[in-house]
Amino acid sequence: MTDSKEPILPGTTVTVNNKESIYNGYEGFVQRISGDQAAVLFEGGNWDKLLTLPLKDLLKS
C-alpha cells in the first residue's frame with residue numbers, strides 16, 4: 001500500500017507488494033501513471049519488462 005505521504009510519480013523507484021503476484025518483491029521504475037494504474041519498467045540483466053500494475057500494489061523504494 002502507498003502509506004507514504006509523497007505520491008508515486010513517473011521516475012519513482014517502486015517495489016511490488018502483492019503476495020499473489022509473481023512479481024512480488026521486484027523493484028522497477030514508474031514510466032507513466034493513468035488513473036489508479038502505473039506502468040512499471042523492470043530491468044534484469046538481458047531482459048526488460050513493462051507491466052501495468054495497480055498503484056495500491058506498489059511501495060516507494
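This briefing describes the sheet, the nonpolar core, the aromatic pairs and the salt bridge of one structure. The model is a predicted one, and its five strands form an open sheet with antiparallel pairing. The largest nonpolar core has 11 residues, the structure holds three aromatic pairs, and a search of the whole structure finds one salt bridge.

**The sheet**

- Read across the open sheet, the five strands follow the order β4-β3-β2-β1-β5, and the pairing is antiparallel.
- The edges of this sheet are formed by β4 and by β5 (58–60), each of which pairs on one side only.
- Neighbouring strands of the sheet are turned against each other by 45 degrees on average, when direction is ignored.
- Strand β1 pairs with β5 in the antiparallel sense over three bridges, and β1 also pairs with β2 in the antiparallel sense over three bridges.
- Val-14 has bridge partners in two strands, for its partner in β2 is Gly-28 and its partner in β5 is Lys-60.
- Thr-15 has Leu-59 as its bridge partner in β5.

**The nonpolar core**

- The largest nonpolar core is made of Ile-8, Val-14, Val-16, Tyr-23, Val-30, Ala-38, Val-40, Phe-42, Leu-51, Leu-53 and Leu-58, which gives it 11 residues.
- At least two residues of this core come from each of the strands β1 (13–16), β3 (37–44) and β4 (47–54), and β3 gives the most, with three residues.
- As a general background to such a grouping, nonpolar side chains in soluble globular proteins tend to be buried together.
- Val-14 belongs to this core and is also the residue whose bridge partner in β2 is Gly-28.

**The aromatic cluster**

- Among the three aromatic pairs that the structure holds is the one between Tyr-23 and Tyr-26, which is edge-to-face, with 5.5 Å from centre to centre and 90 degrees between the planes.
- Tyr-23 counts as buried because its relative accessibility is 17%, where the cut-off is under 20%, whereas Tyr-26, with a relative accessible area of 36%, is partly exposed.
- The rings of Tyr-23 and Phe-42 have their centres 5.9 Å apart and their planes at 15 degrees, so this pair counts as stacked.
- Because Tyr-23 lies in the loop between β1 and β2 (27–34) while Phe-42 lies in strand β3, the stacked pair ties together parts that are 19 residues apart in sequence.
- Both Tyr-23 and Phe-42 are buried, and both are listed among the residues of the largest nonpolar core.
- Tyr-23, Tyr-26 and Phe-42 together form one aromatic cluster.

**The salt bridge**

- The search of the whole structure finds one salt bridge, and it is formed by Asp-57 with Lys-56, whose closest N and O atoms are 3.3 Å apart.
- These atoms count as a salt bridge because their separation of 3.3 Å falls within the cut-off of 4 Å.
- The two partners differ in their exposure, since Asp-57 is buried, with a relative accessible area of 10%, whereas Lys-56 is exposed, with a relative accessible area of 54%.
- In general terms, side chains of opposite charge can pair when their charged atoms come close.

Terms used:
Residues numbered from 1 in each chain as written. Predicted model: local features only at pLDDT ≥ 70, side-chain atom pairs only at ≥ 80, totals over all residues. Heavy atoms only, no water. Core = buried A, V, L, I, M, F, W, Y, C linked by side-chain atoms within 4.5 Å. Buried < 20%, exposed > 50% of the residue type's maximum accessible area, 1.4 Å probe, protein only. Helix = DSSP H or I, 4+ residues; strand = E, 2+ residues; numbered from the N terminus. Phe/Tyr/Trp six-rings, centres within 6.5 Å; stacked < 30°, edge-to-face > 60°. Pairing = 2+ DSSP bridges. Axes fitted to C-alpha atoms, helices over the stretch in contact; angles between N-to-C directions. Salt bridge = Lys/Arg side-chain N within 4 Å of Asp/Glu carboxyl O.
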